[in-house]
Amino acid sequence: MAELRKEPIAGRWVVITTDHPKGPSDYLPFKPPYRPQEPEGLCPFCRGSEGLTPKEIFSLNSEGKGWSVRVVPNKFPFFHIEGEFDRRGEGMYDVMEAIGAHEIVVEAPEHHQNLASMETDQIEKILIAYRERLIDLERDLRFQQFLILKNYPGVFNRHPHSHIIAMPVIPRRIDEEIWGTLDYYQRKERCIFCDIIKEEISVKKRVILETVHFLVFSPFASLFPFETWIIPKSHCPDFHRITEEEIGDLSAGIQSLFLCFYKLLSDPPYSLALHTSPVQSRFHRPEYHWHIETRLRIGLREGFEWGTGFFVNPTPPEDAAAFLRGVG
Ligand SMILES: [Zn+2]
Ligand SMILES: [Zn+2]
Ligand SMILES: [Zn+2]
């Protein structure tokens, strides 16, 4: 038997296999993540190779050791910063220039680092870099939406890095969440994310860990095995309004979660996305609630998902959370 669960925000249906679920141990051992081969000395993100990247936009230093986090423009961007915003029709189709910003956050000077092995003060610096870049990019009125993305290991370079993307449109995934949020707000005058947080804290079974300001949990209708969300417990639409205290607390939560993945699931490959409200007063949504979503990049039934738009998750989120809490 399987259970159809409705993901409450975007309203997507998910098939959760509950009868013969794939337990966490069915995924072990993971094949070691794909490690791109590259000549060490030539990595443009390593300390000492700064000349190989485009001009630095932002950096944070550690005392006496030079930079510890730096932000540079992506050499191969999805979006270009120069140009005019030009929306036009081509026959019946809509086209616009891909105006935007695509920056790379080099998360550490050392090549072999990851979120599970980093000190929390290093993770704090990465979060500060995200925040400061978003505050700066918000001044460009052409941008409506920011997205922070990370693939581990990286697709072209395994040096720890993440992407900051500023877009002239709101992508569909975030648009769906916004519509779900507004719909719920109109009916109940409450934030759906805040209600989910209350519900998850009261039922406990999908909670992985809790810090002072953040909840880390497996969503009720997880689309993927071990899908995990990190969400601020107090309502806030914008990631870049995060306080110093919350940054310290979030970095500890991130380190604990990725250490959990690393130890319990043998260093799995994953992707992480940070969703935050659109910016500029015309698009900003005070009802939205920023959060981080992570998914492990492990075998999925992509064909069925592609054909139906339904996700099939063979690992109930309650089992995933129990396993990651260490009681599975
Ligand atoms: Zn490197
Ligand atoms: Zn909220
Ligand atoms: Zn989201």
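A residue counts as buried when its relative accessible area is under 20%, as exposed when that area is over 50%, and as partly exposed in between (1.4 Å probe, protein chains only). The model shown is predicted: local features need pLDDT of at least 70 and side-chain atom pairs count only at pLDDT 80 or more, while totals for chains, interfaces and linings use all residues. Residues are numbered from 1 along each chain as its sequence is written, chains are lettered from A and ligands numbered from 1 in the order in which they are written, and side-chain values use heavy atoms, leaving out hydrogens and water.

**View 1. The protein as a whole.** The secondary structure comes to six helices and 15 strands. These elements are DSSP runs numbered from the N terminus: helices are H or I runs of at least four residues, and strands are E runs of at least two. Of the 328 residues, 53% count as buried. Among contacts (heavy atoms within 4.5 Å) with a separation of 6 or more, 68% are between residues 24 or more positions apart.

**View 2. The site of the zinc ion (ligand 1).** Donors here and below are N, O and S atoms within 2.8 Å of the metal (3.2 Å for Na, K and Ca); water is not among the atoms, so sites may look incomplete. The protein donors of the zinc ion (ligand 1) are Cys43 (SG), Cys46 (SG), His111 (ND1) and His159 (ND1), lying 2.0 to 2.3 Å from the ion. Along the chain these donor residues have the spacing C-x2-C-x64-H-x47-H. The site is tetrahedral because the four donor atoms subtend angles of 105 to 116°; four donors earn that name if all angles lie between 85 and 135 degrees. Cys43 and Cys46 are buried.

**View 3. The site of the zinc ion (ligand 2).** Cys191 (SG), Cys194 (SG), His235 (ND1) and His289 (ND1) coordinate the zinc ion (ligand 2) at 2.0 to 2.3 Å. Angles of 106 to 113° between the four donor atoms make this arrangement tetrahedral. The spacing of the donors is C-x2-C-x40-H-x53-H. Two of them, Cys191 and His289, link distant parts of the chain, 98 residues apart. Cys191 lies in the loop between helix H2 (172–188) and helix H3 (192–203), and His289 in the loop between strand S13 (270–275) and strand S14 (291–296). Cys191 is buried because its relative accessible area is 8%. His289 is also buried, at 0% relative accessibility.

**View 4. Helices H2 and H3.** The axes of H2 and H3 come within 9 Å and cross at roughly 80°. Such axes are lines fitted to C-alpha atoms, for helices over the stretch in contact, and angles run from 0 to 180 degrees between N-to-C directions. H2 and H3 are therefore roughly perpendicular to each other, a label that covers 65 to 115 degrees. Glu177, Thr181 and Tyr184 in H2 meet Ile192, Phe193 and Asp195 in H3.

**View 5. The site of the zinc ion (ligand 3).** Glu177 appears here again: the zinc ion (ligand 3) is coordinated by Glu177 (OE), listed twice, His275 (ND1), His291 (NE2) and Glu293 (OE), at 2.0 to 2.6 Å. In sequence the donor residues are spaced E-x97-H-x15-H-x1-E. His291 and Glu293 are both buried.

**View 6. Arg5 and its surroundings.** Arg5 is found in strand S1 (residues 2–6) and counts as buried at 7% relative accessibility. Arg5 and Ala221 are 216 residues apart in sequence, yet their C-alpha atoms are 5.5 Å apart in space. A polar atom of the Arg5 side chain lies 2.6 Å from the backbone oxygen of Phe220. The side chains of Arg5 and Glu318 are joined by a polar contact of 3.1 Å. A polar contact is a pair of N or O atoms within 3.5 Å; within protein, one must be able to donate a hydrogen and the other to accept it, and residues adjacent in sequence count only if both atoms are side-chain atoms. Leaving aside neighbours within four places in sequence, the contacts of Arg5 include Arg12, Trp13, Arg206 and Pro317.

**View 7. Helix H6.** Helix H6 (residues 317–325) is mostly covered, with seven of its nine residues buried. Among the buried residues are Pro317, Glu318 and Phe323. Their cover includes S1, strand S2 (13–17), strand S10 (207–210), strand S12 (228–232) and helix H4 (244–264). Just after H6, Gly326 takes a positive phi of about 90°.

**View 8. His102 and its partner.** His102 lies in strand S7 (residues 101–106) and is buried, with a relative accessible area of 4%. The side chains of His102 and His163 make a polar contact of 2.9 Å.

How values were computed
Tetrahedral: all angles 85-135°; square planar, octahedral: opposite > 155°, others 65-115°. Parallel < 35°, antiparallel > 145°, perpendicular 65-115°, else oblique.
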